[in-house]
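Please look through the structure below with its sequence at hand. The text after it goes through a few of its parts in turn.

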Amino acid sequence: MKTNGKETNRLVTVPVLRKTLAAMIPFYRRIASDPTYAAAWTRGVRRADLDALIRLLRQVGLSERRYASLSTNGIGYFVDFNVPKPIVLYSNATAIRPGTTQFYFNTRVHRAIAKAILPLYQEIVSNRPFACIVVRAIRSGNRALLDRVVRSIVATPHLRSVSIESSGFRLGFKYAASPFRFDNLTFGGEP
């Protein structure tokens, strides 16, 4: 949502954020702990093989009934969840910025990101007051506050940026194992 050219980010709610991240925790836990699963996921992303990715999501309890859609562009993936209006869809993703490369995804980097974000996601899901601070920072556009609360949990020097966009957040990671920056995103907005 934009007003006078500036994004307001006022759509996200605590229940929407917590529900989305709760659904994604088993997936990231499996990516972080199971190199074979993570490698299979990377192959599916690189090949843009939605059937393979759907099968892998089912293995962690994310059946097609639990999410609205799944997409990949060869450099990342997006899992969309139905949420109440006005957002309609709220998404979680890990991807390289479009226009950077094609059909590239790095298992080691993806696993490192999963390990880094899991404590943050778990804190948001299990600690409602913490989730309220995150949502307040997003809704008010207070990037400095969001940066502080995210970095209080995500304690890796590979987290290079924290930004607010589309009623959510973008965490930018850069690891030596890849020439590309990877973003972990949670976002939504009016269709």
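In this predicted model, helix 6 covers residues 143-153, and its buried residues are Leu145, Leu146, Asp147, Val149 and Val150. An α-helix has 3.6 residues a turn, so residues three or four places apart point the same way. The buried residues of helix 6 pack against two helices, helix 4 (107-126) and helix 5 (128-140), and against two strands, strand 6 (159-165) and strand 7 (168-173).

A single residue comes next. Thr94 lies in strand 5, which runs over residues 89-96. Is Thr94 buried or exposed? Its relative accessibility is 0%, and buried means under 20%, so Thr94 counts as buried. The side chain of Thr94 makes polar contacts with two other side chains: that of Tyr28, at 3.2 Å, and that of Asn184, at 3.0 Å. Leaving aside residues up to four places away in sequence, Thr94 touches Tyr28, Gly76, Tyr77, Phe105, His110, Ile113, Phe182, Asp183 and Asn184.

The last part is a pair of helices. Two packed helices are described by the angle between their axes and the distance between the axes. For helix 1 (residues 14-33) and helix 2 (residues 35-46), the angle is about 110° and the axes are 6 Å apart. Angles of 65 to 115 degrees count as roughly perpendicular, and therefore helix 1 is roughly perpendicular to helix 2. On the side of helix 1, the contact involves Phe27, Arg30, Ile31 and Ser33; these meet Pro35, Tyr37, Ala38 and Trp41 in helix 2. Of the residues in this contact between helix 1 and helix 2, 6 are nonpolar, 1 is polar and 1 is charged.

How values were computed. Residues numbered from 1 in each chain as written. Predicted model: local features only at pLDDT ≥ 70, side-chain atom pairs only at ≥ 80, totals over all residues. Heavy atoms only, no water. Buried < 20%, exposed > 50% of the residue type's maximum accessible area, 1.4 Å probe, protein only. Helix = DSSP H or I, 4+ residues; strand = E, 2+ residues; numbered from the N terminus. Contact = heavy atoms within 4.5 Å. Polar contact = N/O pair within 3.5 Å; in protein donor to acceptor, adjacent residues only side chain to side chain. Axes fitted to C-alpha atoms, helices over the stretch in contact; angles between N-to-C directions. Parallel < 35°, antiparallel > 145°, perpendicular 65-115°, else oblique. Nonpolar A, V, L, I, M, F, W, Y, C, P; charged D, E, K, R; others polar.
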